[in-house]
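Here is a friendly walk through the model shown below. Keep the sequence and the 3D view open side by side as you read.

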There are 2 protein chains.
Amino acid sequence: MTRIAGTPLSDIDKKLAESLGYSGTQTAAVVGITYRQLDYWARTDLIRPSLSDASGSGSRRRYSYTDLLELKTIKKLLDAGIKLEQVRKVFDYLREHVTTDIASAHLVIEGESVQVCDDGELIDVLKNGQGVLNMVFSMSGVKNELEADVADIASEILDEQPHRRIG
Amino acid sequence: MTRIAGTPLSDIDKKLAESLGYSGTQTAAVVGITYRQLDYWARTDLIRPSLSDASGSGSRRRYSYTDLLELKTIKKLLDAGIKLEQVRKVFDYLREHVTTDIASAHLVIEGESVQVCDDGELIDVLKNGQGVLNMVFSMSGVKNELEADVADIASEILDEQPHRRIG
DNA sequence: TCACCATCTCACATTGCTGTAACTACGAAT
DNA sequence: ATTCGTAGTTACAGCAATGTGAGATGGTGA
């Protein structure tokens with residue numbers, strides 16, 4: 001493909017965006033899940049790549065950094081023994097109630113309901129938990145871990161391709 | 001069965017029911033699960049009736065009150081979206097670390113580990129939860145609910161058999 | 001054009017049940 | 001004592017959810 005003068009900027013932006021994101025394989029590696037799992041989650045609408053979705057065989061998915069954070073959170077919940085069905089509910093909620101500063105919050109799951117709390121209200125919520133299971137999840141911890149994982153994978157990729165031109 | 005002067009029939013029946021425990025069908029009704037589910041859990045060793053286990057077709061399972069408490073707890077965990085596999089782990093732990101006063105405690109599940117905490121340590125445990133999901137569960141709430149359910153079912157059973165011969 | 005590799009499709013496995021049709025023990029009736 | 005009904009257990013088949021692996025398909029860049 002040749003760069004033509006007058007090419008719409010959006011094409012360039014799109015290319016840039018795609019180069020900035022993470023492929024399916026990279027994403028799976030960073031998050032610590034199998035590619036098949038990532039594929040399954042995308043096809044069943046749990047989480048789709050926000051930069052570019054697949055559109056037929058041969059196309060490429062591109063995951064954003066935020067996608068990685070969500071994926072890591074999903075994995076943590078699964079590791080803790082939560083059913084995927086419940087995880088879907090939690091993310092349905094989270095996507096409707098977008099918090100700007102999710103990393104500083106605690107996620108509180110109480111039966112069917114989900115809340116994002118800071119330390120103060122946390123205790124109250126727990127004290128009221130008569131006969132229900134309260135699940136508390138610190139998002140900042142997940143973000144820290146993700147940062148480390150991304151760095152690991154990034155350096156691996158650079159090591160594997162030392163010939164790549166950096167302009 | 002002999003009627004003793006001065007003792008209300010319901011008391012005798014209740015005592016008898018408690019001494020003999022609860023049948024599979026009764027247990028399922030009290031706990032709020034299907035009989036098939038209860039059967040599955042017994043056959044797969046999640047929880048077996050402690051008074052008398054099944055031993056071939058036609059035999060009878062007999063569940064104790066403590067069994068009911070455990071079953072109710074299991075149901076609560078499942079309702080909260082916990083995988084049965086994780087529930088098995090939690091109960092493996094609980095059966096090894098029997099607490100005399102389980103009803104006044106909180107159950108704290110953190111990844112693979114399980115703890116029984118009271119309010120004081122609870123907060124500390126949660127504050128340390130960097131990137132892991134903490135699940136907190138009040139056992140006293142479950143016990144209260146169970147008591148009500150048992151009373152309901154007991155009266156239902158008595159109502160259904162008003163024709164029972166006495167003497 | 002060709003190689004590469006991500007995506008897609010299909011088949012199969014496991015878990016956690018559910019439904020149904022035997023099967024059997026126990027108590028009551030005969 | 002024998003028969004009989006009922007309630008509970010068992011065996012077996014099947015279902016949905018959640019994947020996994022192998023191989024076909026098809027963009028993309030050199």
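## Contacts with the DNA

A polar side-chain atom of R36(A) sits 3.1 Å from a base oxygen of DNA strand C. In chain B, a polar side-chain atom of R36(B) is 2.5 Å from a base oxygen of DNA strand C. A polar contact here is a pair of N or O atoms within 3.5 Å; within protein, one must be able to donate a hydrogen and the other to accept it, and residues adjacent in sequence count only if both atoms are side-chain atoms.

Before going further, a word on the source: this is a predicted model, in which local features need pLDDT of at least 70 and side-chain atom pairs count only at pLDDT 80 or more, while totals for chains, interfaces and linings use all residues. Residues are numbered from 1 along each chain as its sequence is written, chains are lettered from A and ligands numbered from 1 in the order in which they are written, and side-chain values use heavy atoms, with hydrogens and water left out.

The table lists contacts to phosphate oxygens of the two DNA strands.

| Protein atom | DNA partner | Distance |
|---|---|---|
| N or O atom in the side chain of T25(A) | phosphate oxygen of DNA strand C | 3.2 Å |
| polar side-chain atom of Q37(A) | phosphate oxygen of DNA strand D | 3.5 Å |
| polar backbone atom of E85(A) | phosphate oxygen of DNA strand D | 3.4 Å |
| backbone N or O atom of G56(B) | phosphate oxygen of DNA strand D | 3.3 Å |

## The surface near each strand

A residue is near a strand if one of its heavy atoms lies within 4 Å of it. Which residues come nearest to DNA strand C? Of the 19 residues around this strand, they are Y35(A), S59(A), R61(A), T34(B) and R36(B). Of the atoms of DNA strand C that come within 4 Å of the protein, 72% belong to sugar and phosphate. The largest share of the surface near DNA strand C is four residues, and α3(B) provides it. Helices (H or I, at least four residues) and strands (E, at least two) are DSSP runs, numbered from the N terminus. By type, the residues near DNA strand C are five nonpolar, nine polar and five charged. In this grouping, Ala, Val, Leu, Ile, Met, Phe, Trp, Tyr, Cys and Pro count as nonpolar, Asp, Glu, Lys and Arg as charged, and the others, Gly among them, as polar.

Turning to DNA strand D, there are 23 residues around it, and R36(A), S57(A), Y35(B), S59(B) and R61(B) come nearest. Sugar or phosphate accounts for 68% of the atoms of DNA strand D within 4 Å of the protein, and the rest belong to bases. At least two residues each of this strand's surroundings come from α3 and α5 (84-96) of chain A and from α3 of chain B. Here α3(A) gives the largest share, four residues. The surface near DNA strand D has five nonpolar, ten polar and eight charged residues.

## Chain A and a buried isoleucine

Chain A has seven helices and three strands, in the order α-α-α-α-α-β-β-α-β-α along the sequence. Of its 167 residues, 40% are buried; buried means under 20% relative accessible area, exposed over 50%, and partly exposed in between (1.4 Å probe, protein chains only).

I33(A) belongs to the loop between α2 and α3 of chain A. Why does I33(A) count as buried? Its relative accessibility is 12%, which is under the 20% limit. Beyond its neighbours within four places in sequence, I33(A) is in contact (heavy atoms within 4.5 Å) with A28(A), L38(A), W41(A) and K75(A).

## Helix α5 of chain B

Helix α5 of chain B, residues 84-96, has 13 residues and spans 19 Å from first C-alpha to last, close to the 18 Å expected at 1.5 Å a residue. That expected span is 1.5 Å times one less than the number of residues. Q86(B), V87(B), V90(B), F91(B) and L94(B) are the buried residues of α5(B). Seen down the axis of α5(B), these buried residues fall within an arc of 135°, so they line one face of the helix; the arc is that of the directions from the helix axis to the C-beta atoms. They pack against α4, β1 (106-110) and β2 (113-117) of chain B, while E85(B) and E96(B) are exposed on the other side of α5(B).
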